[in-house]
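Colleague: I would like to learn how to read pockets, cavities and salt bridges in a model. Could you walk me through them?

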Amino acid sequence: MLGAEPIFTIHADLGPIMNLGRTPYGERRIIDITGGTVRGAKLNGRILAGGADWQIVRSDGAADIRARYTIETDAGARILVTSDGLRHGPPAVLERLAQGDSVDPSLYYFRTVMRFETSDPAVDWLNRILALARGQREARSVRLDVYEVK
């Protein structure tokens, strides 16, 4: 069961897509995570530069997403985020996303499973939860509404 409201929302700023081409697994892409914000009832802070999203676009057009990045809270705690997800939708919608168009997130599926790791006692509750996020791809960023799995 998920909480009724997001525990926080992530706005992650993204660099350009580095396309490594079609490998035996699919089209391999890497997108740098360059910054961003975290705001919500249970966590506020910023995304530190240095993370990335490693994607494989499968033969069916779905993007298999594996992201790792760091949140720094307003109080200075650092939190490692590991996020595994999936984004897919009708080909015309995915083409609009690829062009950087603003697309209503109800027209495609974008979900991630999130885990957290921190040494800071103020936010160590994150070490003991799983979260699911509903995503929205924007031209140079991603928005994730993060819900705790109860």
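**Pockets, cavities and charges**

Modeller: Helix 1 contributes the most to the lining of the largest pocket, giving five residues. Helices here are DSSP runs of H or I with at least four residues, strands are E runs of at least two, and both are numbered from the N terminus. Keep in mind that this is a predicted model, in which local features need pLDDT of at least 70 and side-chain atom pairs count only at pLDDT 80 or more, while totals for chains, interfaces and linings use all residues. Residues are numbered from 1 along each chain as its sequence is written, and side-chain values use heavy atoms, leaving out hydrogens and water.

Colleague: How should I read empty space, and what volume does the largest pocket have?

Modeller: Rolling a probe the size of a water molecule over the atoms reveals where empty space remains. On a 1 Å grid over the protein atoms alone, a cavity is a set of points where a 1.4 Å probe fits but cannot get out; a pocket is an open set with protein on both sides within 12 Å along at least five of seven lines, and lining residues have an atom within 4 Å of a point. Points are joined across faces, edges and corners, and a volume is the space filled by probe spheres set on them. Here the largest pocket has a volume of about 390 Å³. It is lined by 21 residues, with Arg29, Arg87, Leu94, Leu97 and Ala98 closest to its centre. Strand 1 (8–23), strand 2 (26–39), strand 3 and helix 1 (91–98) each give two or more residues to that lining.

Colleague: And how many cavities of 30 Å³ or more does the whole structure have?

Modeller: Two. The largest cavity holds about 130 Å³ of space. Among its 13 lining residues, Ile33, Asp53, Ala67, Val142 and Leu144 lie nearest the centre.

Colleague: Asp53 caught my eye. Is Asp53 buried or exposed?

Modeller: Buried means under 20% relative accessible area, exposed over 50%, and partly exposed in between, with a 1.4 Å probe and protein chains only. Asp53, in strand 3 (residues 45–57), is buried yet has no salt bridge, and the nearest side chain of opposite charge, Arg87, is 5.8 Å away. For charge, Lys and Arg count as positive and Asp and Glu as negative, with His and the chain ends not counted. A salt bridge puts a side-chain nitrogen of Lys or Arg within 4 Å of a carboxyl oxygen of Asp or Glu. Asp53 does have a polar contact of 3.0 Å, side chain to side chain, with Gln55. That term covers N or O atoms within 3.5 Å; within protein, one must be able to donate a hydrogen and the other to accept it, and residues adjacent in sequence count only if both atoms are side-chain atoms.

Colleague: How many salt bridges does the structure hold?

Modeller: There are 11. In one of them, Asp74 meets Arg39 at 3.7 Å, N to O. Asp74 is in the loop between strand 4 and strand 5 (78–88) and Arg39 in strand 2, so the pair ties together parts 35 residues apart in sequence. Asp74 is exposed, at 60% relative accessible area, and Arg39 is partly exposed, at 43%.

Colleague: What does the pair of Arg78 and Glu72 look like?

Modeller: Their side chains meet in a salt bridge of 3.0 Å, N to O. Arg78 counts as exposed at 52% relative accessibility, whereas Glu72 counts as buried at 14%.
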